[in-house]
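Visitor: I am new to this structure and should like to learn how its descriptions are justified. May I put some questions to you?

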Amino acid sequence: MPLKDLLTRLAPDLGYSISSPQQRGDLISMINMAAKNLYDTNDLPGCLREQIFKLGTTDQQISFPSYVADVVAVRDYDSQIPITLHDM
């Protein structure tokens, strides 16, 4: 749904006026927080975010940085071809 429609529907319910720059900014801030919350809780934790790692062409084994928790899938960035994951 476009932001314009969200503002039009939410403003009267919350008692805000979208013609006021301050109140419009407050509404947009609330909508952005709600959208981020929905994005974060929509699927398994962290699986909606991708991380790109550049590897050498001859690398047979790699290890990920500590901030990478559970790897859900691996694929080649350019061709989008999935890579079989072998967990040790």
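Guide: Certainly. In this predicted model, mean confidence is highest in helix α1, residues 3–14, at 91, and lowest in strand β1, residues 74–75, at 82. The chain as a whole averages a pLDDT of 82, and 89% of the residues score at least 70.

Visitor: How do you know that the length of α1 agrees with what is expected of its 12 residues?

Guide: The expected span is 1.5 Å times one less than the number of residues. For the 12 residues of α1 this gives 16 Å, and the end C-alpha atoms are 16 Å apart, so the two values agree. After α1 comes G15, with a positive phi near 80 degrees.

Visitor: What makes the phi of Q80 worth noting?

Guide: The phi of Q80 is positive, near 65 degrees, in a residue other than glycine. Q80 belongs to the loop between β1 and β2.

Visitor: Why is Q80 called partly exposed?

Guide: Buried means under 20% relative accessible area and exposed means over 50%. Q80 has 43%, which lies in between, and therefore counts as partly exposed.

Visitor: Which residues make the nonpolar surface patch?

Guide: The patch, of about 610 Å², is formed by F53, L55, I62, F64, Y67, V71 and L85. L85 is located in the segment after β2, residues 82–83.

Visitor: Why is L85 described as partly exposed?

Guide: Its relative accessible area is 44%, between the limits of 20% and 50%, so L85 is partly exposed. A patch residue must have over 30%, and the 44% of L85 therefore satisfies that condition.

Definitions and conventions:
Residues are numbered from 1 along each chain as its sequence is written. This is a predicted model: local features need pLDDT of at least 70, side-chain atom pairs count only at pLDDT 80 or more; totals for chains, interfaces and linings use all residues. Side-chain values use heavy atoms; hydrogens and water are left out. pLDDT is the predictor's confidence in each residue, from 0 to 100. Helices (H or I, at least four residues) and strands (E, at least two) are DSSP runs, numbered from the N terminus. Patches are made of residues with over 30% relative accessible area and no salt bridge: like charges are joined within 9 Å, nonpolar side chains (Val, Leu, Ile, Met, Phe, Trp, Tyr) within 5 Å. Accessible areas come from the Shrake-Rupley method with a 1.4 Å probe; for residues, only the protein chains shown count as cover. A salt bridge is a side-chain nitrogen of Lys or Arg within 4 Å of a carboxyl oxygen of Asp or Glu. Buried means under 20% relative accessible area, exposed over 50%, partly exposed in between (1.4 Å probe, protein chains only).
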